[in-house]
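This report looks at a set of annotated positions and at one pair of helices, taking each in turn.

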Amino acid sequence: VKRVRTRHLIEAKERGEKWAMLTSYDMYTAALFDEAGIPALLIGDSAANNVYGYETTLQISVEELVPLVAAVARSTQRALVIADLPFGSYETGPAQALETAVRFMKAGAHAVKLEGGRRMAEQIRALTNAGIPVMGHIGFTPQSEHAVGGYRVQGRDAQAAEVEADAHAVAEAGAFAVVLEMVTSSVAAEITKQIPIPTVGIGAGPDTDAQVLVWQDMAGLRRGRPQRFVKRYAEVADVLQDAAKAFADEVRAGEFPTKAHSFE
Ligand code: KIV
Ligand code: NA
């Protein structure tokens, strides 16, 4: 099996082939998604809400994310494994970004992702120069939720030029791809035409080169009303909870274990 490289994703854009990215934080989902042919897996800082039970992504640390990156990297043969740099681990400058990115690369990542456009160009350049592929992340950036004033769509009206300037800055700084989060479909389509690297949309409409979803949202492990940009492809929460109930019912009824599960 040949490993997906960043250049394969850029070549896919040139051929007009769309692809899907999913988050993954553990060995089973990593192996399943890898075998399903998902070319890029992201260990997102969304592990904060989806693994560790935090309220926001701001709370997760490098120490908490590194072992998840290692688990995913060990459990894939083909997918490009991308580690998200958490809040507070790269903002002070290129040196801090490089130090953090190196920790993730040593844990087995093949690339890193960080939030911010023009304001992070120096960091992206420094990592790229050090041989670390970088995925950018612009539009709505959850780590800056409090500065932005909540979960808000980016790129409407006069703001379109800002998001486009961020996209160009990220591409020119050497990123191999860029996530566009909660950006209007028209701005995402325009950026996708203008820059040579793949755009990975989440809440950015149908015209980006790729799409990403958090796996627990995609598979219905997270319950409750999902955000507008999420589509649920399964109801894993129901499947898992039904299994737990069936197990407990059989134990209470004395139906499990049987002789077949026991040693004479
Ligand atoms: O942390 C994450 O899961 C992400 C994706 C949604 C792009 O940043
Ligand atoms: Na993230």
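## Ser46 and its surroundings

The model described here is a predicted one. In it, Ser46 lies in the loop that runs between strand β2 (40–43) and helix α3 (47–50). Ser46 counts as partly exposed because 19 other C-beta atoms lie within 10 Å of its own, whereas 20 or more would be needed for a residue to be called buried. Once residues up to four places away in sequence are set aside, Ser46 touches Thr23, Thr57 and Val214.

## A first annotated group

Ser46 also appears in a UniProt record, where an unreviewed entry gives the annotation "binding site" to Asp45, Ser46, Asp84 and Lys113. These residues are spread over 69 residues of sequence, yet they cluster in space, with a largest C-alpha distance of 12.4 Å.

Asp84 belongs to strand β3, which covers residues 80–84. Asp84 is buried, since 29 other C-beta atoms are found within 10 Å. Apart from its neighbours within four places in sequence, Asp84 is in contact with Leu42, Ile43, Gly44, Asp45 and Lys113, and of these contacts Asp45 and Lys113 are also covered by the annotation.

## A second annotated group

UniProt, again in an unreviewed entry, lists Asp45, Asp84 and Glu115 under "binding site". Although they span 71 residues in sequence, no two of their C-alpha atoms are more than 10.8 Å apart, so these residues gather at one spot.

Where in the fold is Glu115 found? Glu115 sits in the loop between strand β4 (111–113) and helix α6. Is Glu115 buried or exposed? With 25 other C-beta atoms within 10 Å, Glu115 is buried. Not counting residues up to four places away in sequence, Glu115 touches His137, Thr141, Gln143 and Ser144.

## How α5 meets α6

The loop that holds Glu115 leads to α6, and this helix is also part of a helix pair. The axes of α5 (residues 94–106) and α6 (residues 121–129) come within 9 Å and cross at roughly 50 degrees. That angle makes α5 oblique to α6, and α5 passes α6 in a right-handed crossing.

On the α5 side, the residues that take part are Pro94, Ala97, Leu98 and Ala101, and they meet Glu122, Gln123, Ala126 and Leu127 in α6. The residues of this contact divide into 6 nonpolar, 1 polar and 1 charged.

Terms used
Residues numbered from 1 in each chain as written. Chains lettered and ligands numbered in written order. Predicted model: local features only at pLDDT ≥ 70, side-chain atom pairs only at ≥ 80, totals over all residues. UniProt positions renumbered as here; feature names shortened; annotations may be inferred. Helix = DSSP H or I, 4+ residues; strand = E, 2+ residues; numbered from the N terminus. Buried ≥ 20, exposed ≤ 12 C-beta atoms within 10 Å, placed from the backbone. Contact = placed C-beta atoms within 7 Å. Axes fitted to C-alpha atoms, helices over the stretch in contact; angles between N-to-C directions. Parallel < 35°, antiparallel > 145°, perpendicular 65-115°, else oblique. Left-handed = near helix turned anticlockwise from the far one by under 90°. Nonpolar A, V, L, I, M, F, W, Y, C, P; charged D, E, K, R; others polar.
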